[in-house]
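Thanks for making time this morning. I would like to walk you through one model, taking the contacts between chains before the folds inside one of them.

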Amino acid sequence: MAEAIIKVENLKKHFPIQNPIPFKKSNQSVKAVDGVSFEVFRGETLGIVGESGCGKSTMARLINQLVRPTDGKVLFKGQDLAVMGTKEIRDSRKSIQMVFQNPYASLDPRKTIKQLIAEPLEIHKVGDKRSRLKRVHELLEVVGLNSYHADRYPHEFSGGQRQRINIARALALNPDVIICDEPVSALDVSVQAQVINLLKDLQKKFSLTYIFISHDLNVVRYMCDRIAVMYLGKIVEIGSYNEIYQNPLHPYTKALLSAVPKESPYEKKERILLKGDVPSPVHPPSGCHFHQRCPQAMECCKSTVPELKQNGTNQRVACHLY
Amino acid sequence: MASVQSSIVQIEPEKKKVKKEAGLMKKLMRNRLAAIGLTITALMTLIAIFAPLIATHSPNQMDVAHSLAVPGTDGHLLGTDNYGRDLFSRLVYGARISLMVGIAAVIFGAFFGTLLGLVSGYFGGRLDAIIMRTMDGLFAFPFILLAITLMTVLGQGLVNVIIAIGIANIPGFARIVRGQVLSVKEEEFIEVTKSLGATNGRIILQHILPNCMAPIIVYGTMSVAGAIISEAALSFLGLGVQPPTASWGSILKDGKDYLVLSPHMATFSGLAILLTVLGINLFGDGLRDALDPKMKV
Amino acid sequence: MSDFLLEVEDLEVHFRSSSSVAKAVNGVSFTLNKKETLGIVGESGSGKSVTATALLRLIPNPPGKIAGGRILFEGKDILALSEKEMRSIRGNEISMIFQDPMTSLNPVFTVGNQIIESIRTHRKVSKKEAKKAAIEMLQLVGIPEAEKRMDMYPHEFSGGMRQRVMIAIALACNPKLLIADEPTTALDVTVQAQILDLMRHLQDTIDTSIIMITHDLGVVWEMCDQVIVMYAGNTVESGDVKTIFDRPLHPYTWGLLDSQITSDSENEEKLSTIPGTPPDLREPIPGCHFADRCPYAQEVCFSKKPELIEVEEGHTVSCHFQTKEKRLKRKEKAYHG
Amino acid sequence: MGKYIVRRLFDLLPTVVVVAIIVFIITRLIPGDPAAVMLGPQASVEDIEALRKSLGLNDPLYLQFFHYVIDLLQGNLGVSLTYNEPISHLIMERFPNTLILAASALVIAIFIGIPAGIISASKQNSLMDYAVMLVSLIGVSMPIFWLGVMLVLYFSVNLGWFPATGMGSMEEGLIPYLKHLVLPSITLATIPMATFARITRSSMLEVISQDYIKTARSKGLGEFWVVCKHAFKNALTPLLTVLGMQISMMLGGAVLTETIFSWPGMGRLIVDAIDKRDFVVVQGTVLFIAVIFVLVNLFVDVMYKVVNPRVNYSSSKGGTK
């Protein structure tokens with residue numbers, strides 16, 4: 001088994017809600033991430049899937065400490081980032097980079113491509129002006145753009161091209177890990193495919209580790225070695241992509257997979273339609289968070305929170321059925 | 001899940017922006033009203049700079065024998081005032097005072113207001129609360145009332161007028177900048193910069209401030225118009241620059257007293273103010289449409 | 001002839017800016033039978049949403065303008081109607097739902113108010129009756145505690161629930177045609193499944209035809225009988241879904257089909273992509289709009305615009321090369337399950 | 001709703017405190033010895049010293065502030081040095097006059113400015129639109145003290161239609177009373193009217209491009225209803241903000257308007273008090289106006305809540321209850 005480059009232990013993030021009555025502290029909070037543990041192995045792609053509000057984006061930001069956790073550990077190469085000071089965290093960001101969802105909003109409109117890609121080098125004082133420029137041209141080449149693009153502004157590029165620029169910037173410091181938060185969901189299908197291909201190429205070339213966050217199960221399936229499924233701030237199931245797609249165990253994973261639209265007009269799909277909406281993360285249901293919508297709910301699901309238990313070689317599931 | 005944005009967006013937006021950035025000046029000039037505004041503003045600025053060359057008389061030279069002359073008499077293009085001073089020349093020199101006070105006061109207000117707005121918006125928390133409550137407090141005074149009270153504290157004089165109007169301008173800038181910072185702060189590219197390991201100072205100076213410039217410039221332009229009116233209002237109330245210095249407001253104040261005998265004093269001085277302010281506002285509107293169309297001023 | 005509920009011929013929509021004219025829709029034709037579902041697929045800027053909006057004559061004018069073509073709804077020429085006649089069709093005989101349920105309901109009116117308004121615009125009924133009908137509509141679209149929900153504001157609803165409300169508003173007057181512009185794009189997969197299921201179910205109950213605008217082929221396979229593929233303002237191919245899936249003829253359709261990630265996309269294998277970006281519609285394009293990105297393009301493709309040819313019954317394509325050899329170039333995949 | 005108002009009141013409390021501090025500091029900084037000013041140039045040093053003592057002017061600043069706060073909490077704004085009257089009396093006497101002037105100006109501004117903006121927005125780029133925009137631009141650029149003087153020149157001096165100065169009393173009958181009101185209220189209304197027209201137009205234009213307007217049109221609603229019902233109610237929110245600010249501006253504008261028209265209101269009171277260095281009056285009246293402004297803002301906030309159901313009681317992010 002490969003070495004775990006990132007290990008997350010019982011990670012929690014609760015965002016407090018302001019009390020409407022003045023001068024009274026509120027004890028309510030949005031439990032965006034509520035006790036999550038997993039590890040990411042060097043060189044693999046871990047997918048985190050879930051629907052809006054499940055906490056997957058907060059998860060991404062917790063790993064590189066853009067959001068400081070309420071509780072729990074984030075071990076990067078054995079060191080706990082959650083207890084580090086601001087300066088050490090800034091240094092750690094050299095090795096953990098991020099690519100964001102919206103290619104339009106993630107590039108400062110007032111900076112040239114050159115300035116944008118060189119920025120991480122400047123921040124961490126790598127090289128001099130000349131060597132940085134050289135590196136910028138190199139990186140543009142790597143992501144399939146041209147060096148003459150360096151002096152242009154972001155608005156002169158299409159969404160796909162901008163996402164390439166984002167990727168180039170994330171690569172600038174030779175990171176170990178790149179966290180991709182929905183990197184292709186704002187793109188058209190044909191462009192999506194281009195960016196996905198690029199990400200896969202780069203992973204091989206630079207032996208990168210990816211944490212890939214997405215709501216699109218097809219994209220995740222294609223990109224990832226292992227997949228974690230999140231629901232209301234918790235991981236309900238985690239396993240290799242074969243295990244998750246061939247043999248989903250958690251009823252939520254099953255429903256999620258069954259909801260993916262057909263792949264051909266001939267396919268007959270058995271749908272598991274979930275009842276109602278996702279409950280509020282302020283007052284998650286007691287016991288298993290999914291029990292109100294679960295077609296297989298039992299009495300114990302209402303009261304006892306299921307643990308994430310080993311089932312099969314690498315597959316773990318948080319459900320009383322197993 | 002804000003993943004969807006782009007799918008029904010119509011064909012143009014990307015390339016449209018290219019044009020916007022490339023030809024701000026061109027775009028401004030294509031907007032006919034903005035072009036007129038810019039022309040008026042430029043003209044007034046030239047008049048202010050070259051006042052000694054343009055004025056036909058010395059602005060303070062009295063000639064009581066020819067006081068309150070009708071426009072056009074004895075080479076007095078716009079007539080004379082109650083001391084027989086040439087009104088045209090006084091108005092020309094008045095442009096200097098008006099524009100200088102307008103611009104200097106706004107620079108003063110913009111500098112401190114921006115500083116406070118940046119700090120307040122970016123760091124938030126208790127500092128924000130203290131700064132913004134103070135700004136709210138200042139904002140609770142009607143602008144002109146604040147300027148009047150400050151003038152009584154500072155005493156009359158050109159520099160004090162600038163400071164008083166400048167201070168009265170601070171809360172407006174602080175609010176605009178803070179609001180802008182709050183929205184820019186939420187932009188993904190700020191998060192990206194943080195994720196790269198940037199320090200707060202770098203984020204503020206390199207990313208937030210440049211992205212706040214558009215509203216600052218637009219609001220600044222329009223504030224110059226407001227400041228010119230405020231200066232005139234203070235002088236009109238006798239709280240502005242000291243006589244005999246010619247200022248549009250003080251000419252108007254004198255004109256009010258001779259309204260029946262000699263309405264041209266009040267008429268022309270007011271028209272000068274209106275024309276200048278209108279020019280700046282036209283230009284400001286054009287700037288807003290070009291730089292920051294969503295802004296409400 | 002007038003068996004068709006809707007016939008669109010050579011529709012052209014232009015957007016004028018100070019310096020140029022963008023031909024957002026440039027000759028789109030299709031027909032729609034009663035109770036049928038037609039899918040319009042294409043990527044951003046293909047003109048699919050503009051086409052849909054044009055059907056209701058809701059193109060903002062200026063800058064937009066329906067510059068040519070005919071739209072026949074039950075034989076009536078929609079483009080020739082007066083604004084008043086048009087209003088009596090909107091929301092009554094043809095309804096529309098939009099992509100983003102978060103922004104398409106008016107935030108300052110209650111949900112009930114918005115459904116009642118829709119009913120009372122077209123039916124002369126009392127407030128009380130309208131209210132009763134509105135509650136029934138909410139129940140029909142699967143909103144629990146409908147009576148209580150009537151007095152709530154849109155922001156108190158989840159995205160899926162809001163889209164249900166939108167559907168209730170759209171269907172309140174039993175329209176003959178429902179135009180759904182990316183109705184599930186903004187929603188999560190499980191909610192998307194709920195909404196699509198609801199739409200299918202309602203279509204059976206009240207016999208409407210549906211035009212489904214989407215960029216997601218999965219949704220097309222799921223919902224539609226017929227499909228037209230749009231690219232850069234043109235129809236490039238149309239036919240029934242199975243034909244398009246089995247025997248696609250246009251290289252763009254191939255690209256679209258192949259860049260989908262499916263369960264048998266191998267993890268190791270590269271996804272096929274369509275290189276390049278769509279053309280700028282403000283520039284005149286003499287030839288085929290796709291020629292720039294087409295791997296099979298020949299000289300003629302750049303100079304002459306291909307006609308829409310019917311290659312087999314109900315299957316049309318707009319491409320200069322309709323030879324068998326070309327078709328063989330695309331590696332056949334056996335999808336049939 | 002009650003809870004909401006209470007919460008907003010609490011939010012406004014610090015602003016009022018800051019206002020009180022600012023007013024205190026400013027009035028203590030006014031140069032010149034108020035006691036000396038009050039007693040006139042012939043007063044002896046001893047007399048002045050005695051008066052300073054009785055006014056508490058010799059106390060250290062913090063003690064003066066302490067007394068000032070205690071007085072404020074008792075609703076005591078102090079006694080005027082020149083009028084020899086409690087400030088609260090002076091305010092009670094003058095404020096209704098200012099209120100009448102401001103209210104009639106506000107009515108003019110709202111009933112002309114807002115419809116003009118709506119028409120302008122719904123007929124964007126028409127001749128009408130350009131006309132409204134040009135006139136309102138001139139309006140916001142208007143030095144109102146000049147406008148007031150010009151109105152006097154034409155309508156009182158030349159035409160003699162309206163009185164140039166003073167405030168009529170109801171005893172002379174309604175018509176003369178209103179005649180006195182016409183010119184000052186038009187003067188005071190100019191800027192808010194133009195501002196309303198501009199803001200209404202721009203926020204209507206923004207709202208009109210929203211998806212829910214498309215929904216309303218796709219329902220088959222007529223354009224009139226789309227604009228006046230669906231669009232306008234949404235455009236009200238920014239309008240309310242501006243309304244609050246304009247009321248503050250009007251209280252400022254009243255200073256100038258009342259000076260021109262010799263209108264016996266708060267503005268005149270302040271200007272006179274500044275002239276006479278009567279800092280107790282300045283302090284009291286400025287504070288009063290600032291508090292009025294704060295209350296207007298509270299009212300605007302509450303109106304937000306009425307107009308816009310999305311405004312939450314708490315500031316939690318999640319819309320779920």
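Let me begin where chain D meets chain B, where four residue pairs are in polar contact, counting pairs in which both residues have pLDDT 80 or more. That confidence filter is there because this is a predicted model, in which side-chain atom pairs count only at pLDDT 80 or more. The elements giving two or more residues to the side of chain D that touches chain B are α1 (2-29), α6 (127-140), α7 (144-158), α8 (174-208), α10 (223-261), α11 (266-275) and α12 (279-307) of chain D, and the largest share of that side, 10 residues, comes from α10(D).

Between chain D and chain B there is one salt bridge, formed by Asp285(B) with Arg198(D), whose closest N and O atoms are 2.9 Å apart. In terms of extent, 48 residues of chain D are in contact with 44 residues of chain B, and the two chains bury about 4000 Å² between them, 82% of it on carbon and sulfur atoms. Ser141(D), Phe145(D) and Trp146(D) supply 15% of the area that chain D buries against chain B, more than any other three residues.

Now please turn to chain A and chain C, where 39 residues of chain A are in contact with 44 residues of chain C. These chains bury about 3600 Å² between them, with 53% of that area on carbon and sulfur atoms, and Tyr222(A), Pro265(A) and Tyr266(A) supply 19% of what chain A buries against chain C, more than any other three residues.

Which side chains meet in a salt bridge here? They are those of Glu222(C) and Arg271(A), at 2.6 Å from N to O, and one salt bridge is the count across this interface. Across the interface of chain A and chain C there are also 12 residue pairs in polar contact, again with both residues at pLDDT 80 or more. On the chain A side, α6 (189-206), α7 (217-223) and α9 (251-259) of chain A each supply at least two residues, and α6(A) gives the most, with 10 residues.

Let me stay with chain C and look at its strands. An open sheet of eight strands, with mixed pairing, runs in the order β6-β7-β8-β3-β9-β10-β12-β11 (chain C). Because β6 (94-97) and β11 (309-312) of chain C stand at the edges with a single partner strand each, one side of each is left without a neighbour in the sheet. Neighbouring strands of this sheet are turned by 20 degrees against each other on average, direction ignored. Helix α10 (residues 251-259) of chain C packs on the sheet, where it touches β9 (226-231) and β10 (234-240) of chain C, and its direction makes about 105 degrees with that of β9(C). At one edge, β11(C) pairs with β12 (residues 315-317) of chain C in the antiparallel sense over three bridges, and Ile309(C) has Val317(C) as its bridge partner.

Within β8 (residues 209-214) of chain C sits Thr214(C); is this residue buried or exposed? Thr214(C) counts as buried, because its relative accessibility is 4%, and the cut-off for buried is under 20%. Its side chain reaches the backbone nitrogen of Asp216(C) at 2.9 Å, and the residues that Thr214(C) touches include Ile40(C), Lys48(C) and Glu182(C).

Finally, β1 (residues 4-16) and β2 (residues 21-33) of chain C pair in the antiparallel sense over 10 bridges, and a hairpin joins them through four residues.

Conventions. Residues are numbered from 1 along each chain as its sequence is written. Chains are lettered from A and ligands numbered from 1 in the order in which they are written. This is a predicted model: local features need pLDDT of at least 70, side-chain atom pairs count only at pLDDT 80 or more; totals for chains, interfaces and linings use all residues. Side-chain values use heavy atoms; hydrogens and water are left out. Two strands pair if DSSP finds at least two bridges between them. Axes are lines fitted to C-alpha atoms, for helices over the stretch in contact, and angles run from 0 to 180 degrees between N-to-C directions. Contact means heavy atoms within 4.5 Å. Buried means under 20% relative accessible area, exposed over 50%, partly exposed in between (1.4 Å probe, protein chains only). A polar contact is a pair of N or O atoms within 3.5 Å; within protein, one must be able to donate a hydrogen and the other to accept it, and residues adjacent in sequence count only if both atoms are side-chain atoms. Buried area is the accessible area (1.4 Å probe) that two parts lose on being put together, summed over both. A salt bridge is a side-chain nitrogen of Lys or Arg within 4 Å of a carboxyl oxygen of Asp or Glu. Lists of a residue's contacts leave out its neighbours within four places in sequence.
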